[in-house]
Amino acid sequence: MGVVTNGCKLGCCTAEVAALPRGGWDDAGSNIDGRRREHLRREWAATSARIDRMQGDYPKCKLCGQPAVRLDAAGLCSKVTDSHKTQRVRLGLPPVPAPAPGARGRGGRR
Ligand SMILES: [Zn+2]
Ligand SMILES: [Zn+2]
């Protein structure tokens, strides 16, 4: 040994802390060792950054730039603001995109 390496790949835990059983969680899995909290925070930050990158890959609404999993025929997101409606009508589309079959009742907008 000799060289003390960082205990975890995120660089926040000592080898001793990283080697805690169950990653520092207690038997019930409801409490984590205080020294692991920074690790949890970093892990979460890394996860959110990954999600951000994924969303960055989504096509963006031509009107508001909102990344959307799927754009409608007008190249817009699913928003139904006046500007979105106007843009759809301009392209000869219904102002509000028809909801996907089975998506009824979501959002409660009538
Ligand atoms: Zn760590
Ligand atoms: Zn939009």
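Reading along the sequence, the residues that hold the zinc ion (ligand 1) follow the spacing C-x3-C-C-x25-H. In this predicted model, that pattern works out as Cys 8, Cys 12 and Cys 13, each donating through SG, plus His 39, which donates through ND1. These donors sit 1.9 to 2.4 Å from the metal. The angles subtended by the four donor atoms run from 103 to 118°, so the site around ligand 1 comes out as tetrahedral; the cut-off for that label is that all angles lie between 85 and 135 degrees. For reference, the ideal angle for four tetrahedral donors is 109.5 degrees.

As for solvent, Cys 8 has a relative accessibility of 11% and therefore counts as buried. Cys 13 is buried too, at 4%, given that the label applies under 20%.

The zinc ion (ligand 2) has its own set of protein donors: SG of Cys 61, Cys 64 and Cys 77, and NE2 of His 84, at 2.0 to 2.3 Å. Here the sequence spacing reads C-x2-C-x12-C-x6-H. Cys 64 and Cys 77 both come from the loop between helix 2 (37-57) and helix 3 (82-90), so this pair ties together parts that are 13 residues apart in sequence. With angles of 104 to 116° between its four donor atoms, the ligand 2 site is tetrahedral as well.

The two cysteines of that pair fall into separate accessibility classes: Cys 77, with a relative accessible area of 3%, is buried, whereas Cys 64, at 35%, is partly exposed.

Conventions
Residues are numbered from 1 along each chain as its sequence is written. Chains are lettered from A and ligands numbered from 1 in the order in which they are written. This is a predicted model: local features need pLDDT of at least 70, side-chain atom pairs count only at pLDDT 80 or more; totals for chains, interfaces and linings use all residues. Side-chain values use heavy atoms; hydrogens and water are left out. Donors are N, O and S atoms within 2.8 Å of the metal (3.2 Å for Na, K and Ca); water is not among the atoms, so sites may look incomplete. Four donors count as tetrahedral if all angles lie between 85 and 135 degrees; four count as square planar and six as octahedral if opposite donors are over 155 degrees apart and all others between 65 and 115; anything else is irregular. Buried means under 20% relative accessible area, exposed over 50%, partly exposed in between (1.4 Å probe, protein chains only). Helices (H or I, at least four residues) and strands (E, at least two) are DSSP runs, numbered from the N terminus.
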